[in-house]
Amino acid sequence: MDKASHLGVVLDLSPKQWHLAAQPSNPHPVTLSVFLSHLLAFLNAHIACKDENSLALFGALPGRSAMLYSSTMPVNEEEIEPADANSYRPFKVMDSAIMKHIAEEIEALGEAETEEPIGFVGALTKAMCYINRVTNGAGSTSSAARNDDPAGLADPRILVISVSPDQSSSYIPVMNSIFSAQKLKVTIDVCKIFGGESVFLQQAAHLTGGSYIDIDRPDAVLQYLMMSFLPPPGLRQLMSVPTQDKIDFRAACFCHKNIVDIGFVCSVCLSIFCQPVPVCSTCRTKFPIKTLQRLNASRPNAAPGTPARAATPARAATPAAPANSLPRSTSINPHAVPRNASNGSIGAASPPMHMNGGPR
Amino acid sequence: MPPRRMNDDYMGGGSDSDVSMLDEDEHTSRGKAKGKGKAVEGRKGDKGKSKAKEQPYAWEASYTRSWDTVQEDEAGSIQTAVQDLIARGRRRRLLAPGEAVRRTIIRHLILVLDLSASMMDRDMRPTRFDLMLQYAREFIAEWFDQNPLGQIGMVGMRGGIGERIGEMSGNPQDVLRSISERHKLEPAGEPSLQNAIEMARSSMSHLPTNSSREITIIFGSLTTCDPGNIHDTLDECVKDKIRISMVALAAEMKICRELCVKTGGQFGVALNEGHFKDLLFELIPPPAQRAVARANGPGAANPAADLMMMGFPTRLPVTSHPSLCVCHGELKTEGFLCPRCLAKVCDVPTDCDICGLMIVSSPHLARSYHHLFPVKPYQPIATLDGTPNPSPTCHACSVPFQEKASQPNAPLADGVSPLGRYRCPDCKNDFCTECDVFIHDVLHCCPGCGK
C-alpha cells in the first residue's frame, strides 16, 4: 500500500476526570477500563495495518507525564502472561506491557498529587521529541539509523485523547508544540471524550490538518477511533473523516490566564492582556497614557455614562469591567459561562494595579 | 594518514550546515582582511599551504585546521571524534542567546534582487540568478514562518533603474507569485543601488513608527550606476531608521559595507552556494531592537510602543450556512466572525470593516512567543558523581544514555557533555543531545517543566 506510519498517542489519565466520566448520571458513562479495552483494540489494529507501523504511548498524569509504551521498548519476557490460544502473541505482549505500565503509574500516584494540574504539555512534548528522534534525529547522528530508508519513517501523527478541560496556563507551551508539529509535518488528531470543548486542542487539530472529534457516545469510542483515526493522514482525503465545525481562535491572556476574544496587545512583544495595562509585564514597555484612556473609553460595551476623558485610567476601568463582560460574552458564546465569572472577578480586582501606574 | 582522509570526507560529504560551521570562522575574519578568493579555490589552497606551515595570506591565520583537532579513540576509530565535532557545532548555536531580548516583531522588509547582467555568471551553480531565485523563495517561506505579522515587498535592479516587482504584502503566496515567472525577471544591464534603495524607501515611508523597516539586498555586481550621490540616500535611510542588510555574491565594495554598517544591518560576502544560503537565512530571525527608550531616561515612554486592541475571531466551517461577507459582499460559507460585532470577514489578519477592530488569528501572535520565553540553556553534565539516582534514559525520548564518557579525560569544552547528558536547570531532568537541540531550536518548551 503505502509507507509505514508512526502513531504517537497522548493519553490523558487524570483520575478525577475519569471518575467524573464514569458517573452514572452522565448520559453515556464510560469507565477507564472499558475505554482502555477499546483503545487496545485500536492500537492492535494500527500495528496490524502494516508490519513496519510503529507506536508510542505517552500518559499525562497529574503533575507529570510518562512514556507508557513504545515499539522500540525492550520486552521483558518474564513479565508476559503465558501464551493464550485466542490471541496473537505480539498483540498480547503489547497489551500486557501497556496495561502493566498504566497500572504502575496510577498506583504510584500519591493522595496529594491527584489534585495537581495534568501533565498534558509534558506528554505532548515528549511525543514530539520521540517523533523527532524516530524521523529526522536518528538519521543525523547515529550511523545505524542512517542505513534505514528515510521514506519508511515518514507520516508521523499524534492522537490526543483528552478528558480534561483546557488549562489556560499551558497556552504558550501548547502553541509552541503545535508550531513544531507543523514544522515536522506531524498531524495532531484530537479525540475529546469528556470535559467540554478545548479551544487549544481545536486549534492544534486545525493548524496541523488533523481532525478534532468531540465524541457523543463515549461508550462506543472504538467505532470513532477505527473510522476516523486509523487511516494515516495520506488517506484522509479519500475517506470523508468528520471535520470540525467552528474553530475558536481565542487566546489566553498573559496577566490572568483568562481566555479572551478581545485582547489588548503590546506592539513590542505581542503579549496579550485582558484589560488595558500601563506597563507591559513581559517586556517592561510603558504605554502612552493617552492610549490607555482611549482604550478604556472604547472598551466594548463600555457602561453608558463612563466619562471618555476619565481622570485616571483606574476610574474608567472600575465600572466598565464587571458590567460589560457579562452581556458581551453571553451574546457571542452562550455556553461560556465560566468565563463570565472569572472576568468579573478580575475586573473587580484590577483597580489597585491601575492606581500604581496612574499618572501621578 | 587515515584521520586526515576521513576528515576530508566529512567536510566534503557533509551537509551545508557542517560546511558553514567552518566557514563562519573564515567569514568573520574576512571583515578585517579583504582577500577574496573563490570559495572552493580558497579552501583547496588553504589545505595545500597548511602542509608547508607557512601563511602567505592574512586570512589563513584564523582559519582553524579542524583535522588537527581530531583524535583517535582507543579502537583507532575517529567516529566518536567526528560525532563530537558535530555535537559541538550544534551546541554552539545554542550557547548564544539565553536571555530574553527585545526583538522587532512587526517587520516590514523590501527584498531587493540584483537583476543586472552580472547575475548570469556561472560561478554559483547553475547561475547566480537561478540560485538567487531559488533561495529567495525559500527565504520568503521561512521568513513568513518566523515573522507571521510581517510584510515583504520586492524590488529589482535592472537596466540602471529600480523596478517594483511585488507590492508590500503579508501573504506569502502573493510574494512568491511575484517572483514565480522567471522570464519576466531576465537579468539585463547595470544595477543601480541608489535607485533601488530610493524606491524601497519611498514604499515604506507611510509605515507606522512601531514597525521595523528593513531592506535586504542581494547584490551580484561590482558596480552601481547611480543618478546622484548615494551617500545622501544613505543619510536619509539612517534618518528614517531603515536597516539595510546585504548579501554580496561577488566581492566586498566599500559603499555596500558602509550602507550596512551605518544603518545597523549585516553585510556578508557569499563564498559558495551553501554559505550564500546561510548568510541570507541569518537575516530571518527578528532582529533585536535597539534600545531607544533607555536614552530618554527610565521614566520616559517609548514612543514606538503602544497598546493595541485586537480581536480573536471564530472561524466558520465550509459546511455552515452561506452569508454575505462584509469585505467583498459575496455569498460565502467560510469566514471569520469579528468577536465584537459578529460581522463576517473573509480573511485574517485584517481590520473589521464594520467596527474597525483589528482581527488577528491568535496563532499568528503565538508564533513569536518563543522569542519572549526562551527555554533556559541546559547544563552539560560532566560526571554523575553528584547525582544520587541518575536516570538511565533521556527524559524526553526515553533513549538510554551512554554508560561511559566518549573521551573520558577530555576537558569540558564548548559546553559539550562527554556523557551526552544535558540537565534542565529548573526541573533537573536529563536530556540527550538530540532532544537538547530539538527542544531549543524547534520545540521551545521543556518537556520536564512544561514551559
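Which residue of E8(B) is the bridge partner of A:Ile247? The partner is B:Arg315, as the first view shows. The model is predicted; local features need pLDDT of at least 70, side-chain atom pairs count only at pLDDT 80 or more, and totals for chains, interfaces and linings use all residues. Residues are numbered from 1 along each chain as its sequence is written, and chains are lettered from A and ligands numbered from 1 in the order in which they are written.

**View 1. Strand pairing between chains A and B.** Strand E7 (residues 247-248) of chain A pairs with E8(B) in the antiparallel sense over 2 bridges. Helices (H or I, at least four residues) and strands (E, at least two) are DSSP runs, numbered from the N terminus; two strands pair if DSSP finds at least two bridges between them.

**View 2. The side of chain B that touches chain A.** Here 50 residues of chain B are in contact (C-beta atoms, placed from the backbone, within 7 Å) with 57 residues of chain A. At least two residues of this side come from each of several elements of chain B, including helix H5 (79-95), strand E7 (307-311), strand E8 (314-316) and helix H14 (433-443). By class, the side comprises 29 nonpolar, 14 polar and 7 charged residues. Ala, Val, Leu, Ile, Met, Phe, Trp, Tyr, Cys and Pro count as nonpolar, Asp, Glu, Lys and Arg as charged, and the others, Gly among them, as polar.

**View 3. The surroundings of A:Ser177.** A:Ser177 lies in helix H6 (residues 171-183) of chain A. This residue counts as buried because it has 28 C-beta neighbours inside 10 Å; the cut-offs are 20 or more other C-beta atoms within 10 Å for buried, 12 or fewer for exposed, and partly exposed in between, with C-beta atoms placed from the backbone. Beyond four places in sequence, A:Ser177 is in contact with A:Leu124, A:Thr125 and A:Met128, and also with B:Leu443 and B:Cys445 of the other chain. The C-alpha atoms of A:Ser177 and A:Lys126 are 10.0 Å apart, with their positions 51 residues apart in sequence counted as separation.

**View 4. Confidence along chain B.** The mean pLDDT (the predictor's confidence in each residue, from 0 to 100) of chain B is 76. Among the elements of chain B, helix H2 (residues 16-30) has the lowest mean, 39, and strand E5 (residues 242-248) the highest, 93. Over residues 1-53 of chain B, pLDDT stays under 50. Where pLDDT is low, the predicted coordinates should not be read in detail.

How values were computed: Contact = placed C-beta atoms within 7 Å.
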